[in-house]
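Me: I'd like a close look at one part of this model: the interior, and how the elements around it feed into it. Take your time and keep it connected, please.

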Amino acid sequence: MAATNTSVLVGNIVRSPETKVVGEKQTVLCTFSIAQNTKYKGESVAHYYDCKAWGKTGEVVAQYGKTGRKVCITARVEHERWEGEKGKGSKHVWNVREIEFLTSGEKREEGQEDPVKEAFSGKTVSASTEVPF
């Protein structure tokens, strides 16, 4: 049986996207974090996820991903390990395949349209699709 490694997360961006260009092909890498709030025994608990978006998807996240903006990501979970001066470390990272911007993250007056929703018209952006504008 083939293994499947796909996660779908809905949360708010809590760490502003950081972008760098890597490798011989000069690929864009955008790193950011999202958070989800859940209830456990009547108390709110926050869960944080470190994310990476590559190529065209990374470019879109860098341009439109602002702190507070609600997003839906489809991602592959990866386990990173490293060893440095401070010893060994590891963490899980969500490698984003698709992202959908659900809100602008900005406060709007009543009746004012969300500019991100208008620009994307409910489209999901992935590395294999063209940006809709």
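Reply: Strand and helix labels first: these are DSSP runs numbered from the N terminus, with at least four residues (H or I) for a helix and at least two (E) for a strand. Bear in mind that this is a predicted model. With those labels, the protein chain has 2 helices and 6 strands, and going along the sequence you read β-β-β-α-β-β-α-β.

Now to the interior. The largest nonpolar core has 18 residues, and the members that touch the most others are Phe32, Ile34, Cys51, Ile73 and Ile99. Two or more residues each come from β1 (7-22), β2 (27-40), β3 (43-54), α1 (55-64), β4 (70-84) and β5 (87-101). Of these, β5 supplies the largest share, with 4 residues.

The helix on that list, α1, deserves its own look. Its buried residues are Thr57, Gly58, Val60, Val61 and Tyr64. They sit on the same side of α1, because they cover an arc of only 160° around the axis. The general rule behind such a pattern is that an α-helix has 3.6 residues a turn, so residues three or four places apart point the same way.

On to β4, where you'll find Thr74. Its relative accessibility is 19%, so Thr74 counts as buried; the cut-off is under 20%. Leaving out residues up to four places away in sequence, Thr74 touches Thr6, Ser7 and Val8, and also Asn95, Val96, Arg97 and Glu98.

Thr4 makes a nice counterpoint. This threonine is in the segment before β1, and it counts as exposed because its relative accessibility is 71%, where the cut-off is over 50%. Thr4 and Arg76 are 72 residues apart along the chain, yet 9.0 Å separates their C-alpha atoms.

Zooming back out, what share of the contacts between residues at least 6 apart in sequence join residues at least 24 apart? In the protein chain, that share is 56%. As for burial overall, 32% of the 133 residues are buried. On the outside, the chain exposes about 9,000 Å², and 47% of that comes from carbon and sulfur atoms.

So if you're rotating the model, start from Phe32, Ile34, Cys51, Ile73 and Ile99 in the core, then turn to the buried side of α1, and finish with Thr74 in β4.

Terms used. Residues are numbered from 1 along each chain as its sequence is written. This is a predicted model: local features need pLDDT of at least 70, side-chain atom pairs count only at pLDDT 80 or more; totals for chains, interfaces and linings use all residues. Side-chain values use heavy atoms; hydrogens and water are left out. A nonpolar core is a set of buried Ala, Val, Leu, Ile, Met, Phe, Trp, Tyr and Cys residues joined through side-chain atoms within 4.5 Å. Buried means under 20% relative accessible area, exposed over 50%, partly exposed in between (1.4 Å probe, protein chains only). Contact means heavy atoms within 4.5 Å. The arc is that of the directions from the helix axis to the C-beta atoms. Accessible areas come from the Shrake-Rupley method with a 1.4 Å probe; for residues, only the protein chains shown count as cover.
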